[in-house]
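Me: I would like to go through a few charged residues here. Could we take them one at a time?

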Amino acid sequence: MKLMLTPVALAALASAACASEPAMTAVAIQADGGALSQTWEDGRKLETKGAKLVSEGAAEIASGEKKMREGEALVSDGQAMMTRERAAYVSAAQSIGVATTPKQLRAEIKTLKAIAERWDNGQDKIERGEKLITEGEKQIADGKAKQRKGETLLAQGRDQMRGAEIRSVDATIFDDRTQ
């Protein structure tokens, strides 16, 4: 069974992991002249950068999801407008062509132009909505990619820190045995 976490849960987990104190600090592993300390610090920087990327990725995903919802609403509204205007056109078309004066003809034209304009507005809403959906999908994909990269950096940083701590402990044990 694969455990799936939401973007918000991943961001919270990553920031909590970075905020927690490691078992050993950089001061505790400076016995080797600073090499292990530098390795540990570099690992901590990777971990911090990874947590930031996970958090940024979660924010991007949330923003992309919002864009998609807005786009879907626009598409829905546009489709409803187009359906209404098609019906209005069918209704108006039944009474068109009976004008007996130029004034009546202009009224028929005005009615048809208004229907056409609203119909165009419905099409425009659909196009804008589809564009937002596409942008949202891209933003979600980018956010997920950022999260994957962040998770990788988190793991690399932790491994590097852990390795420095283990080498420091091993060096301390070795020094104790040789004395």
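**Charged residues on two helices**

Reply: Glutamate 130 is partly exposed, because its relative accessibility is 45%. Please keep in mind that this is a predicted model.

Me: Which helix holds glutamate 130?

Reply: Glutamate 130 belongs to helix 3, which spans residues 102-178.

Me: And how far is it from methionine 68, C-alpha to C-alpha?

Reply: The distance is 8.7 Å, although glutamate 130 and methionine 68 are 62 residues apart in sequence.

Me: Switching to lysine 67: where is it found?

Reply: Lysine 67 lies in helix 2, residues 35-95.

Me: Why does lysine 67 count as partly exposed?

Reply: Its relative accessibility is 26%, and the partly exposed class runs between 20% and 50%, so lysine 67 falls within it.

Me: What is lysine 67 in contact with, leaving aside neighbours within four places in sequence?

Reply: Its contacts are Leu132, Glu135, Gly136 and Gln139. In addition, the C-alpha atom of lysine 67 is separated by 8.9 Å from that of threonine 134, which is 67 residues away along the chain.

Me: Now glutamate 108. Is it buried or exposed?

Reply: Glutamate 108, a residue of helix 3, is buried and yet has no salt bridge.

Me: Which side chain of opposite charge is nearest?

Reply: That is arginine 106, 11 Å away from glutamate 108.

Me: What does glutamate 108 touch, then, not counting residues up to four places away in sequence?

Reply: Glutamate 108 touches Ser95, Ile96, Gly97, Val98 and Ala99.

Key
Residues are numbered from 1 along each chain as its sequence is written. This is a predicted model: local features need pLDDT of at least 70, side-chain atom pairs count only at pLDDT 80 or more; totals for chains, interfaces and linings use all residues. Side-chain values use heavy atoms; hydrogens and water are left out. Helices (H or I, at least four residues) and strands (E, at least two) are DSSP runs, numbered from the N terminus. Buried means under 20% relative accessible area, exposed over 50%, partly exposed in between (1.4 Å probe, protein chains only). Contact means heavy atoms within 4.5 Å. Lys and Arg count as positive and Asp and Glu as negative; His and the chain ends are not counted. A salt bridge is a side-chain nitrogen of Lys or Arg within 4 Å of a carboxyl oxygen of Asp or Glu.
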